[in-house]
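Here are some short exercises for you to try with the model open beside you. Work each one yourself, then compare with the solution.

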Amino acid sequence: QWGVLRQDLLKTIGQNNYKTWIEPIEFSEVSEGVATFHVPTNFIGNYVSQNYGDLILHQLTKSGASVQRINFKVPANLSTRPAASPAAKPAAPKAEDTRDNDIAGAPLDPRFTFDSFVVGKPNELANAAARRVAEGGPVTFNPLFLYGGVGLGKTHLMHAIAWELQARRPELNVLYLSAEQFMYRFVQALRDRKMMDFKEMFRSVDVLMVDDVQFIAGKDSTQEEFFHTFNALVDQNKQIIISADRAPGEIKDLEDRIKSRLQCGLVVDLHPTDYELRLGILQSKVDSYRAQYPELQLADGVLEFLAHRISTNVRVLEGALTRLFAFASLVGREITMELTQDCLSDVLRASERKISVEEIQRKVAEHYNIRLSDMIGPKRVRTFARPRQVAMYLCKQLTSRSLPEIGRRFGGRDHTTVMHGVKRIEELRAQDGQMAEDLELLRRALEA
Ligand code: ADP
Ligand code: MG
């Protein structure tokens with residue numbers, strides 16, 4: 001039965017995903033409505049559970065198994081492999097693997113190209129700068145420093161540059177790696193007394209790309225070596241491209257001389273996505289899915305809904321869409337709003353916009369035309385007390401703050417005061433149409 005199911009999964013999620021995630025899984029047993037699968041690592045288990053759990057469960061029930069839940073488990077003999085086992089590797093396992101192919105950087109993801117990078121306001125500058133560097137002409141800005149939050153496309157752009165350079169200037173020696181890998185190489189070279197080789201190798205590249213450079217913050221000798229490598233390459237007029245999760249000046253525990261070095265080229269940031277960009281990314285993903293799922297129907301409004309609701313990062317957005325398509329294709333149904341909400345309920349819940357107490361106070365003060373200081377201050381006249389209670393009520397409703405926490409943010413008031421305020425507004429809401437309307441208006445403004 002698992003064999004048949006696997007075949008279905010292969011068709012649904014594609015060869016690559018299948019090989020990576022499903023192949024390593026073994027069916028173990030069904031007992032009391034719980035199907036257990038063995039996975040080699042918890043990581044794989046979690047990933048599969050999150051991304052394909054619904055799918056597998058659905059398949060199982062469809063094929064007649066009475067299963068309510070599935071469970072992924074690392075079998076005991078794997079998780080507690082004895083140290084003496086011949087298969088166990090000593091610490092620092094990578095030593096042998098990389099010694100002979102020093103120059104190999106990290107593999108490049110074939111999906112991360114300029115073609116597949118959707119450009120919008122938040123990333124147009126970064127995209128333009130990346131393209132300029134990728135043209136491989138004379139070095140214009142050195143280094144190019146890309147920064148931005150998680151999942152906004154830094155790695156994607158770096159890989160795109162590397163692919164483009166390889167295509168246009170195959171004679172160039174382009175090295176892409178993460179700052180973490182840079183450190184490993186360095187430590188390994190130290191340990192193997194191969195610093196000369198290390199230096200020579202890094203100084204012989206034409207284009208050096210180091211991803212997530214914030215990783216070396218606080219790691220003194222790695223920073224030192226990075227600094228020398230950096231200088232040597234800049235001196236030879238070789239292009240350097242760096243990414244980080246924040247601007248150079250804001251990386252803590254990074255030496256000042258490195259900060260200033262990183263700042264002397266072009267520093268561009270990837271801004272958080274806006275609605276239009278998210279919609280564009282979803283649309284381009286859907287286009288690429290069309291080939292894989294030619295028969296799938298997508299209802300109007302679904303993409304807009306997702307772009308509106310999932311604003312955290314692009315990776316989450318993509319993951320949601322992938323899951324939605326896989327699920328819909330498996331159950332052979334149109335992707336409707338309802339299916340979307342069902343299939344992605346956890347993602348949607350997790351990405352609910354967080355509304356802050358300060359935002360609520362500001363909006364409510366504005367609405368009642370009072371000053372923020374009076375809202376938080378000690379005055380107890382009705383003109384201030386009522387808006388204050390409204391704000392407290394909304395904090396209770398729209399944030400996950402506890403009553404004491406809310407009290408503290410209202411000028412250090414007691415939690416019983418907050419509780420009283422919340423109760424009062426609840427009563428008014430029931431009796432007073434105007435109050436009900438105000439609350440509704442405020443809630444909508446805050447959730448927009
Ligand atoms: P970062 O390195 O900034 O954390 P990534 O480059 O790994 O983020 O991007 C996360 C995911 O989102 C990747 O799958 C990437 O392809 C995708 N992505 C991010 N921005 C875009 C974009 N503008 N167009 C298309 N895909 C994007
Ligand atoms: Mg990255």
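The exercises below go from a ligand shell to two glycines and then to a pair of helices.

This is a predicted model, in which local features need pLDDT of at least 70 and side-chain atom pairs count only at pLDDT 80 or more, while totals for chains, interfaces and linings use all residues. Residues are numbered from 1 along each chain as its sequence is written, and chains are lettered from A and ligands numbered from 1 in the order in which they are written.

**Exercise 1.** Describe the shell around ligand 1, and find which domains supply its residues.

*Solution.* Step one: collect the residues whose C-beta atom, placed from the backbone, lies within 6 Å of the ligand. There are 17 around ligand 1, and the closest are Gly153, Lys154, Thr155, His156 and Val314.

Step two: sort them by type. Ala, Val, Leu, Ile, Met, Phe, Trp, Tyr, Cys and Pro count as nonpolar, Asp, Glu, Lys and Arg as charged, and the others, Gly among them, as polar. The shell then divides into seven nonpolar, seven polar and three charged residues.

Step three: look at the domains, whose bounds come from an automatic or database assignment. Ligand 1 lies between domain 2 (100–270) and domain 3 (275–350), because both give residues to its shell.

**Exercise 2.** Is Gly151 buried or partly exposed, and how does Gly153 rate?

*Solution.* Step one: start from the record. An unreviewed UniProt entry lists Gly151, Gly153, Lys154 and Thr155 under "binding site"; such annotations may be inferred rather than shown by experiment.

Step two: count other C-beta atoms within 10 Å (buried at 20 or more, exposed at 12 or fewer, partly exposed in between). Gly151 has 19, so it is partly exposed. Gly153 has 27 and is therefore buried.

Step three: list contacts (C-beta atoms within 7 Å), leaving out residues up to four places away in sequence. Gly151 touches Asn313, Val314, Arg315 and Val316, while Gly153 meets Phe117, Asn123, Leu270 and Val314.

**Exercise 3.** At what angle do helix H7 and helix H8 pack?

*Solution.* Step one: take the helices as DSSP runs (H or I, at least four residues), numbered from the N terminus. H7 covers residues 179–191 and H8 residues 195–203.

Step two: fit axes to the C-alpha atoms over the stretch in contact, with angles from 0 to 180 degrees between N-to-C directions. The angle is about 145°, and the axes are 8 Å apart.

Step three: name the partners. Arg185, Phe186, Ala189 and Leu190 of H7 meet Met195, Asp197 and Phe198 of H8. Five of these residues are nonpolar, none polar and two charged.

Technical notes:
Two residues are in contact if their C-beta atoms, placed from the backbone, lie within 7 Å. Helices (H or I, at least four residues) and strands (E, at least two) are DSSP runs, numbered from the N terminus.
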